[in-house]
Structures are given as C-alpha cells and as structure tokens.
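I opened the model today to trace its sheets, the surroundings of its ligand and a few single residues. My notes follow in the order in which I looked things up.

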Amino acid sequence: MGKKIETMQQKSPAEFFAENKNIAGFDNPGKCLYTTVRELVENSLDAAESSGQLPDIEITIEEISQKRMNSIRGIANLERVDESLYQDFETEDIRKKRMAKEAKEQEKLVKAAQKRGENPEVLAGAKKEAEAKRAAGASKSGKTFYKVTVKDNGTGMPHKDIPNLLGRVLSGTKYGLKQTRGKFGLGAKMALIWSKMSTGLPIEVWSARHGQSFISYYKLDIDIHKNEPNVHKAEELANSDRWHGAELSVTILGNWQYYRAKIHKYLRQIAVITPYARFSFAYVAEDEKNSIRVNFTRRTDKMPAPPKEVKFHPASVDLELIKRLIAITKCTTLRHFLFKDFSSISKDYAGRLIAEMRCGVDEDTLPGELDNKQVVSLHQLLHEAKFKDPDKDHLSPAGEYNLRLGILKELNPELVATHQGDARVLEGHAFVVEAAVSVGGRDIKPGINIYRFANRIPLLFEGGSDVITKTALKRINWATYKINQTSDKVGVFVSIVSTKIPYKGAGKEYIADDMDEMVHAVKHALQQCCLQLKVKITKQQAAKEQKLRRKNLIKYVPNAAAAVFKVLQTMSETPAVGPKRKRMEADNDILGPVKRREVEEGTLVQRLTEYVERIDTDMALEYQMQQGMAEAMQQPLFLMPQTAQHSYGPPLQGNAVSICLLSVA
Ligand SMILES: Nc1ncnc2c1ncn2[C@@H]1O[C@H](COP(=O)(O)OP(=O)(O)OP(=O)(O)O)[C@@H](O)[C@H]1O
C-alpha cells in the first residue's frame, strides 16, 4: 500500500479565528452574545473618548425567533411532519419529567443567585422568560437569534476604510503605542465571523466623521477563506443633522437567558469606571412584556485626559521590532534614529550607546545599512543598558474622582476609599494601578466582591487566575484593617491602565498573576485604601460604642436618681445627730433644698443625665486621642467669599473641626 501524501494547507487569519473562536471570547452562543456587545461598546467608547467627546452610547438587543429568522432569510416555516425524526422528540412521559426537572433547576438557580445578592429584577425577568419559553414549548428548537445594535457619538470611520476595518481580521487603528481598549484589530471582525457562521446575515454600518456631509452606509460580510471584506452595498446617505459617530448592527445566534446577568453586570461595571458616559440599554423581546430598558446616566462631565501615543522604550523592543523600526524610519543617522524613535534616550546617551557597540558602526551610519549582526548587537545592548523609565504622562487612568463617583452612583456604599498608585514599569511599558475599597451598599453580597478593570474595561471571566483576585483574596489581611472578609459587604475595585496590558489570550479576560511588579502595585494600592478605611471604621466603631455606653448609663439614671432622692429625703426628715451628719450638711448643703422641696427627684434625673453625657464625651475624646484619631476627626470647613477677590488667612485648628478662613480683600 502506498503512503498517503500529506498536502500542505494554509489558513487565513479569519479562518484560524473562525475555527478557534474561543480564543477571542466567542465560546458558545451565550458568550458570543456577551462578547459581541462588549466589543462593540468598547469600540464606541474608544471612538468617543479619542475625540474628547463625552460618550453617548445606545445598545439594543432585539430578540428574533427561529420563525422570524427563517422569514428574514427567506426560508419557509414548515410544520414538522415526522416528529420522531427530530433531536428534541420526546414522549409525553419524558416531556413531563423534563418540565418538572427544569422547574426545579430554575428554582434552585434563582435561590442561589438571590443568595449571591444579584439583582432581583434581572432574576425575576429570567424566571418569567424561562417560564414563558417553557409554556410556549420554545425549548423545542432552543435557538434564538439576536440583532445587536450599538450606536455612538464618536469619530466614525473614513468611508473608504470601513470595509477593511470591519471585514479584514487583524486590521485596525489601535496598533500604535497608546492606551486603548481595543488592541488586536479583531473584536468587531469576530462578531462578523460569528454572524456569518451562525445566521449568514451581513453586518450593517452607518458612520459619519465630524463635519461630514454624508453618512456612509455599508452592508458587508467577510470572506473567511480569503480574509477579505465582501461588500453587499455601499452608499452615501444625506446627513442634514451633521451627525457624527458609528452605528453597527449584527445578527447572531445567542443565548440571552443564560448571559443576561453577565451583560447586565458588564454594563453596570462599565458605568462604574466611566461615569462620564451615558449608556442606554434596551432588550426588545418578541413578547413585549419580556422587554427591558435600562439607562445608566452620566454623573459627571469630567472626562480623564485622553491617552497619548508614545515612542517605544528600549526595554520593550524585540529583534523583529527593531528591524521594522529601521525599515520605516526617516532618520538618516543611527544617533538620530536612537534619539528620535525611542523614548528615554537623549542625544548624548545615543552617542554613548553607539560608542559601546564597537561593531563597525558610528553615529552617522545610515540605520538602513546596519547588517544583521549589527542589528543583533544593537538589540542586545538595548536590553542590557540602563534607561530612564518610560514616560507616564501619556496614560489615562480613570482618576480617583471618577472611580469614587462611579462606585457611589452604582453601589451607594457606606464607606469608600480610593488610591492611585505611582506609575511603574513592566517590560518597558508604564502602567498605573488605581484601587477603591468600599464597605456596604446595595446589590452587593457579604464577603469580598471583586471588580476588575483593565484599560477601563470590566473583566468578568477567568477571575480565579487573575492577579487582582489572587491579591485581594490571598495577599491582603483584611482583619488587620478591621474588615470582616466574610460578613462585611466589601467591594474591591482595581483598575490597571497601560500601553500594553499583559492579558492572557486575545479574549482580554484576565491578567496573569506571575509578574512581581504588577502583584506589588496591586497589593500596595489595595493596602492604601484599607489603611484609609481602617481610620474610618475605628471612628465609626468608637461612635457606636459611645452611643451604646451612653444608652446603658442613661438607662440607670431614673432608678439611681430615685434611690438617692429617697435616701436624701429620709435624711432631711430626720434630725441631725452626730458630727458626721453635721459635717455632711455643712459640706453639701443639699438636705436643706431637699427639705424645702427645691430639689426634687426630677432635678436629680436631669443633673445625672447631664453628667453622664459630659463624662461620656470626655471619655470618647480621650479614647480617640489614644487611638491617634484626633487628626482624622478634623473636617476641613471652607468659608467662601462672595466676590472673586480674596486672600487666605491662616488656618484655625479647632477640636473637631479645622477652619480655613478666607477673608475678603
Ligand atoms: N464605533 C466605532 N467608531 C469608530 N471606529 C470604529 C468603531 N468600531 C470599530 N472601529 C474601527 O475599526 C477598527 C477595528 O475594530 P475591531 O473591534 O475589529 O478591533 P480593535 O478595536 O482595533 O481591537 P480589539 O480586537 O482588541 O478590539 C478599530 O481599530 C477602529 O479603527
């Protein structure tokens, strides 16, 4: 028998990702629906923020039944003739058993979710929908399709670039060295690939740039084999309102029932990290009573300064990248190339580096003339020499103000502390870690609730392996900060921004726990929040204890007053005999007023109450002094002048309030 000759095959990137959808977060129909929403929303946020526009984003998921999908695709909705031919065929007995089992499982799910403190509205909706589906026998085919539409007020896309940006895998405008949510040039195309695979329907796009007189309209899909856009329709529509932004609409197979909670959670968390954005979300069900509308309002007009593009840091470049930079540089000397195309290299330092290379190059060598060995020497030197840390001003963290605002808006906690860490460096890329820790609030369950963000994207999957989760659960000793990690409702928010987030995988689900620099930065930011909370919690506990102590003492005042008064009354009615009694009457002069009824039992009650309150305040203050909390008790109070002209007087320190006086000039 002759050997079968193996033929070599080649795959396009689109084919590779179509076959390995899970790499990009498109694991199953439910997750595909979630990731599609996520990718489109993140593109919209990037597009609005990059032009300094406060984001205004409308998200719609429209449910499309199998029947309606068939008519959209022009397929007849035929009644089944031979039921037993179908996968979901079941006898009456089996059907009854299944329904009972499903009802039980649903109850269990709802109970478990309630225990986790998830939104009852979402749960009630899920239950209602599941019941409606069961009643309608929808589980028969089990397939539901969704038209996902996301509209924004961002930059839009240039008319001629739209087919390539949305119909060619690994194409985009975010490959530069800049902090953006998107990075791989993949997300929107994955939604398109999934729509092609699951419904065969093309994507629809409306887009207009700022000031553009027309709206670009495209209907397109992707040739997966060739990794090329396949344009069905391209038009220029009138734009009389001078609208700018983009609207993308994609029809896919999904599973709202199992992923609605995740989508809701995602939107809620993105509203936390971008309180300057407005999101309106609508789920349009086939049966109107199952539709949902949620608005996440804008709480501030203060948007973080947009991130800036930076040059490569020498520590972040590999051999191939150096070759690419050499190929595209406009610099005509090696010294200029090092100084101009890299960050953290001054003109002088470039000269010193070249002198150190000693392999036949000098400052005036044309970069393009470096041979392979010289490029390798340069690469080696760039990784061995010392350089200043990369510039950090190009990053755009959410800011403590926004983080706090978002948390207050969405969770309304009793306490919240925030901290922004200093910029640090990982493999030549600067990064900043911001954190917030909250205690109490609505829709949050007892224990440690972790909210992870990277480049202002909420990360909801693979939490167990993530550096933030591991640090919060294993490296923070919550008890030292007077936080009970099982009974307190603790919110842990960590947001990392960088020009290169070290994600594991193209799905952007989590950041690994194996980079010391990242671990230290996350731990430090959380500890700083906890320290602030400890002061607040100690103060709260002291106030609580004081209240309890006073309550207990005041409880005994009437009885004590009655007993003392009785003794005084008896004494005042009996004649004064003996030196002790005489001395007592002289010292206190109390029996006279009692005898003359100037002092009654009520007088004693009043005086004792006043005394308990005074003593208690003194004790509390002393206790706080001992705990070193007098500082924390001071609240700044500013008296503002009514005119713009003023000069600042020296601050006056009070016991519990520090007053900064501003005197009108
Ligand atoms: N709503 C939008 N407004 C403006 N441009 C957009 C919008 N959506 C997509 N784009 C453009 O299309 C490009 C490709 O988007 P896509 O989602 O495929 O990848 P990406 O966002 O660059 O990276 P990632 O795969 O990491 O999300 C983007 O880089 C952007 O230039």
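I began with strand 4 and strand 5, which pair in the antiparallel sense over 10 bridges; I keep in mind throughout that this is a predicted model. Within this pair I found I215 standing opposite L237 in strand 5. The hairpin that the two strands form has 4 residues between them, and N227 there takes a positive phi near 55°.

I then turned to the other partner I had noted for strand 4, namely strand 3, and counted 5 bridges in an antiparallel pairing. In this pair I203 has L220 of strand 4 as its bridge partner. Here the hairpin has 5 residues between the strands, and G211 is the residue I noted with a positive phi, near 75°.

**The sheet around these strands**

In what order do the strands of the open sheet lie? I read the order as 5-4-3-6-2-1-7-8, an open sheet of 8 strands with mixed pairing. Strand 5 (228–238) and strand 8 (292–296) stand at the edges with a single partner strand each, so one side of each has no neighbour in the sheet. Neighbouring strands of this sheet are turned against each other by 15° on average, if direction is ignored.

Further along the order I looked at strand 1 (residues 56–65) and strand 2 (residues 144–151), which are antiparallel and joined by 8 bridges. One position I marked there is E63, which stands opposite Y146 in strand 2. Helix 2 packs on this sheet, where it touches strand 1, strand 2 and strand 6 (245–254), and its direction makes about 175° with that of strand 6. Helix 7 also meets strand 6, running at about 40° to it, and lies across strand 3 (203–208) and strand 4 (214–223) as well.

**The ligand shell**

Both of these helices came up again when I listed the residues around the ligand, since helix 2 (29–50) and helix 7 (187–198) each supply at least two residues of the shell. Which element gives the largest share of the shell? It is helix 2, with 4 residues. Of the 22 residues around the ligand, I wrote down N43, A47, G172, G182 and G187 as those that come nearest. Sorted by class, the shell has 7 nonpolar, 10 polar and 5 charged residues.

**A single residue, A285**

I next checked A285, which I located in the loop between strand 7 (278–284) and strand 8. Is A285 buried or exposed? I counted 18 C-beta neighbours inside 10 Å, and because a residue needs 20 or more to be buried and 12 or fewer to be exposed, A285 counts as partly exposed. Leaving out residues up to four places away in sequence, I found that A285 touches E63, N290 and S291; E63 is the residue I had already noted opposite Y146. For a distance across the model I took A285 and F339, which are 54 residues apart along the chain and have their C-alpha atoms separated by 59 Å.

**Strand 11 and its partners**

I moved on to the region that UniProt, in an unreviewed entry, lists as "domain: DNA topoisomerase VI subunit B transducer", residues 390–547. Over these residues the chain is 34% helix and 26% strand, and the end C-alpha atoms are 53 Å apart.

Why do I describe strand 11 (residues 429–439) as largely enclosed by the rest of the structure? I do so because 11 of its 11 residues are buried. In a regular strand the side chains alternate between the two faces of the sheet. Checking each face of strand 11, I found H429, F431, V433, A435, V437 and V439 buried on one side, and A430, V432, E434, A436 and S438 buried on the other.

Its pairings are entered here strand by strand:

- Strand 9 (residues 415–420) runs antiparallel to strand 11 and is joined to it by 6 bridges, with T418 having A436 as its bridge partner.
- Strand 10 (residues 424–426) pairs with strand 11 in the antiparallel sense over 3 bridges, and V425 stands opposite A430. These two strands form a hairpin with 2 residues between them, and E427 in the turn has a positive phi of about 45°.
- Strand 14 (residues 489–498) is antiparallel to strand 11 over 9 bridges, and S438 stands opposite G491.

**The chain as a whole**

Last, I entered the totals for the protein chain, which come to 19 helices and 17 strands. Of its 665 residues, 32% count as buried. Among contacts between residues at least 6 apart in sequence, 74% join residues at least 24 apart.

Notes: Residues are numbered from 1 along each chain as its sequence is written. This is a predicted model: local features need pLDDT of at least 70, side-chain atom pairs count only at pLDDT 80 or more; totals for chains, interfaces and linings use all residues. UniProt positions are given in the numbering used here, feature names are shortened, and annotations may be inferred rather than shown by experiment. A residue is near a molecule or strand if its C-beta atom, placed from the backbone, lies within 6 Å of it. Ala, Val, Leu, Ile, Met, Phe, Trp, Tyr, Cys and Pro count as nonpolar, Asp, Glu, Lys and Arg as charged, and the others, Gly among them, as polar. Two strands pair if DSSP finds at least two bridges between them. Axes are lines fitted to C-alpha atoms, for helices over the stretch in contact, and angles run from 0 to 180 degrees between N-to-C directions. Two residues are in contact if their C-beta atoms, placed from the backbone, lie within 7 Å.
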